[in-house]
Amino acid sequence: MNRDDFLAELRTALRGLPAAEIDEIVADYSAHFSEGRAAGRNDAEIAAALGDPARLVRELRAESGLKRWQSRRTPANFFAAIVAVCGLVAVDLIILLPVLFVLGVIAFVIGVVVFAVVVAGLALFASPLWAPSFESWNRTASVILAGVGLVTGGIGAGALLLLGLEGVLAILTSYARLHYQVIKPADGLT
């Protein structure tokens, strides 16, 4: 494969990413060809050393998704990063899919419980407003404080859930990178 074929295949496979990012990636790989030619290597040798453009694009998309998630933490970027990482581990998806499904269900259930705790805390906090009890200010204060405690505990548990999800994403990313470092030399031998 020559330089132009490699770069064209790379550019085509990168469709969907921002144009500036595609141009930067293609320029980087073009520089690899220039440096290789300066070292006396031909285009076929350089292309072989760089690897399969389709595999490179999967890795680049995963990196791009993770960078977007790390720079701007939105739900859309989180799910885009998950999809990109799953694209990297496509070979192991059959093995990972049940694990990811179970983790997703657990995270969803914990999220629902956390939401319910926050709502219950808000209801408890506001209960003296619609059912004032003048029997004892101590009872009213304890109900309000219990409501505040439930709300803050729910918010803290939600934050821990998000940190856990980010940790799972980091583990999946590390696994995907390790997977491709290990499996690609075996593919090259066949």
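User: Contact here means heavy atoms within 4.5 Å. With that in mind, which residues in helix 3 meet Tyr29, His32, Phe33, Gly36 and Arg37 in helix 2?

Analyst: Happy to start there, with the reminder that this is a predicted model. Helix 3 covers residues 43-50, and helix 2 covers residues 19-38. On the helix 2 side, Tyr29, His32, Phe33, Gly36 and Arg37 make the contact. Their partners in helix 3 are Asp43, Ile46, Ala47 and Leu50.

User: How do the residues of the contact of helix 2 with helix 3 divide into nonpolar, polar and charged?

Analyst: The contact brings together residues such as Phe33 in helix 2 and Ile46 in helix 3. By class, the residues of this contact divide into five nonpolar, two polar and two charged.

User: What is helix 2 to helix 3, oblique or roughly parallel?

Analyst: The two helices pack with their axes 10 Å apart, at an angle of about 130°. Their crossing is right-handed. Angles over 145 degrees would count as roughly antiparallel and those of 65 to 115 as roughly perpendicular. The angle of about 130° falls in neither range, so helix 2 is to helix 3 oblique.

User: Let's turn to helix 1. Which way does helix 1 run relative to helix 2, roughly parallel or roughly antiparallel?

Analyst: The axes of helix 1 (residues 3-13) and helix 2 come within 10 Å and cross at roughly 160°. Their crossing is right-handed. The cut-off for roughly antiparallel is an angle over 145 degrees, so helix 1 is, relative to helix 2, roughly antiparallel.

User: Which residues in helix 2 do Arg3, Phe6, Leu7, Leu10 and Arg11 in helix 1 meet?

Analyst: Helix 1 brings Arg3, Phe6, Leu7, Leu10 and Arg11 to this contact. The contact's residues divide into eight nonpolar, one polar and four charged. In helix 2, the residues met are Ile22, Asp23, Ile25, Val26, Tyr29, Ser30, Phe33 and Arg37.

User: And at what angle do helix 1 and helix 4 cross?

Analyst: Helix 4 spans 53-71, and its crossing with helix 1 is right-handed. Helix 1 and helix 4 are oblique to each other. Their axes come within 9 Å, and the crossing angle is roughly 40°.

User: How many polar residues does the contact of helix 1 with helix 4 have?

Analyst: Phe6, Glu9, Leu10 and Ala13 in helix 1 meet Pro53, Leu56, Val57, Leu60 and Arg61 in helix 4. Sorted by class, the contact has seven nonpolar and two charged residues, and its number of polar residues is none.

User: On to the pockets. Which helix gives the most to the lining of the largest pocket?

Analyst: The largest pocket has a volume of about 560 Å³. Of its 21 lining residues, Phe78, Ala107, Leu161, Leu165 and Glu166 are the closest to the centre. Two or more lining residues come from each of helix 5 (75-88), helix 6 (93-130) and helix 7 (137-189). With seven residues, the one that gives the most is helix 7.

User: How does the lining of the largest pocket divide by residue class into nonpolar, polar and charged?

Analyst: Leu161 and Glu166 are among the residues closest to the centre of this pocket. The whole lining divides into 16 nonpolar, three polar and two charged.

User: Where does the largest share of the lining of the second largest pocket come from?

Analyst: This pocket has a volume of about 200 Å³, and its lining is made of Glu21, Glu24, Ile25, Asp28, Leu60, Glu63, Ser64, Lys67 and Arg68. By class, that lining has two nonpolar, one polar and six charged residues. Helix 2 and helix 4 each supply at least two of them. The largest share, five residues, comes from helix 4.

Notes
Residues numbered from 1 in each chain as written. Predicted model: local features only at pLDDT ≥ 70, side-chain atom pairs only at ≥ 80, totals over all residues. Heavy atoms only, no water. Axes fitted to C-alpha atoms, helices over the stretch in contact; angles between N-to-C directions. Helix = DSSP H or I, 4+ residues; strand = E, 2+ residues; numbered from the N terminus. Parallel < 35°, antiparallel > 145°, perpendicular 65-115°, else oblique. Left-handed = near helix turned anticlockwise from the far one by under 90°. Nonpolar A, V, L, I, M, F, W, Y, C, P; charged D, E, K, R; others polar. 1 Å grid on protein atoms, 1.4 Å probe; cavity = no way out; pocket = protein on both sides within 12 Å on 5 of 7 lines; lining within 4 Å. Points joined across faces, edges and corners; volume = space filled by probe spheres on them.
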